[in-house]
Amino acid sequence: MSLLPTPPPSLRTIPATSAASSTVALRPVVILPGLGNNTGDYKDMAMTLKEGYGIPSVVARVSRVDWLRHAAALLSPGFWRGSLRPRPLIDWYLERVAEAVAEAKLHLEDGGSISLVGHSAGGWLARVYMEEFGMSRISLLLTLGSPHLPPPKGLPGVIDQTRGLLDYIEKNCAPAVYAPELKYICIAGRYIQGAPLFGNSNDASYDPMLVGEELNKIKLPAKYSNDKSLSSAPSLHARFVGQSYKQVCGQADVWGDGVVPEVSAHLEGALNISLDGVYHSPVGSDGTIRPWFGSASVLKKWVHHLLT
């Protein structure tokens, strides 16, 4: 039997408060993993939310092998035309979201609501869930490094990596809002500025070594403080990252989190936030030199949006 909820109950306005309040119930959080990630990648983040801020959370149950289901899209004419639609391709993921939402509701008091926190692809997958199956007492969608926008069409060397999925979502999912009953908050990382694969950037202010300045803002352990190699990044790295950015937004010489460019992680109508020195993924993050959105040092900069 499908666990996908039927649409949609009424929403409730949730007032903001501080983490210090011990008498106000907190919205439980459902964490939605990004493409290629699994549930375990978010264990530390969930623990920080619970132990540091008293916020209960449920991580949708996803394994790395689950993502291989998307290989079925290769058999669809829509893949080759670049006109894929989310369903039924991602129904398996929507089922996992529904299971996590149902579990989170066990923490609710009467009239309460929940927050969705989507990392990377989990952010736009959350939008599909909300559009297809209703709000289900959701009052906040907070996305972390999610590529919300399809790349511009007709640019040489740019191929939509979602093969039309983001284009479909942009046209068919509800626009972002920031209202008392429902808030969209989109957080982007500024970890490294990309560079064109060949030649110089069109941006006269471009400097592929600026990632070093972002690293310098991070307080390093004493044993690393005099290591000059940590204060700069090779130009080759910036050019490689730039190619990733180009496939997402059509430009290489922009800032981003190392995978998703800043401009693509924001949505018109949402509360858009950019955080310096923040890397895209828990995989490859060490929490100190390369903190990601869910590292304790970064989470404290946005967690107040989850507090009720």
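I will go through the main pocket of this predicted model, one helix pair beside it in my list, and two backbone details.

Start with the pocket. The largest one has a volume of about 740 Å³. It is lined by 32 residues, and those closest to its centre are Leu35, Ala121, Trp124, Gln161 and Thr162. Three elements each give two or more residues to that lining: α4, residues 121-133, α5, residues 165-172, and α7, residues 235-249. As for the chemistry of the lining, 20 residues are nonpolar, 10 are polar and 2 are charged.

Next, the helix pair, α4 and α5. Their axes come within 11 Å and cross at roughly 45 degrees. An angle of that size is neither under 35 degrees nor in the range 65 to 115, so α4 and α5 are oblique to each other. The crossing of α4 past α5 is left-handed. On the α4 side, the contact is made by Trp124, Arg127, Val128, Glu131 and Glu132. On the α5 side, the residues are Leu165, Leu166, Tyr168, Ile169 and Asn172. Sorted by class, this contact has 6 nonpolar residues, 1 polar and 3 charged. Note that Trp124 belongs to this contact and is also among the residues closest to the pocket centre.

Last, the backbone. Ser120 sits in the loop between β3, residues 114-119, and α4. Its phi is positive, about 55 degrees, although Ser120 is not a glycine. The other detail is in the loop between α2, residues 77-81, and α3, residues 91-104, where Pro88 is found. The peptide bond from Arg87 to Pro88 is cis, with omega near 10 degrees.

Technical notes. Residues are numbered from 1 along each chain as its sequence is written. This is a predicted model: local features need pLDDT of at least 70, side-chain atom pairs count only at pLDDT 80 or more; totals for chains, interfaces and linings use all residues. Side-chain values use heavy atoms; hydrogens and water are left out. On a 1 Å grid over the protein atoms alone, a cavity is a set of points where a 1.4 Å probe fits but cannot get out, and a pocket is an open set with protein on both sides within 12 Å along at least five of seven lines; lining residues have an atom within 4 Å of a point. Grid points are joined across faces, edges and corners, and a volume is the space filled by probe spheres set on the points. Helices (H or I, at least four residues) and strands (E, at least two) are DSSP runs, numbered from the N terminus. Ala, Val, Leu, Ile, Met, Phe, Trp, Tyr, Cys and Pro count as nonpolar, Asp, Glu, Lys and Arg as charged, and the others, Gly among them, as polar. Axes are lines fitted to C-alpha atoms, for helices over the stretch in contact, and angles run from 0 to 180 degrees between N-to-C directions. Angles under 35 degrees count as roughly parallel, over 145 as roughly antiparallel, 65 to 115 as roughly perpendicular and the rest as oblique. A crossing is left-handed if the near helix is turned anticlockwise from the far one by less than a right angle, and right-handed if clockwise. Contact means heavy atoms within 4.5 Å.
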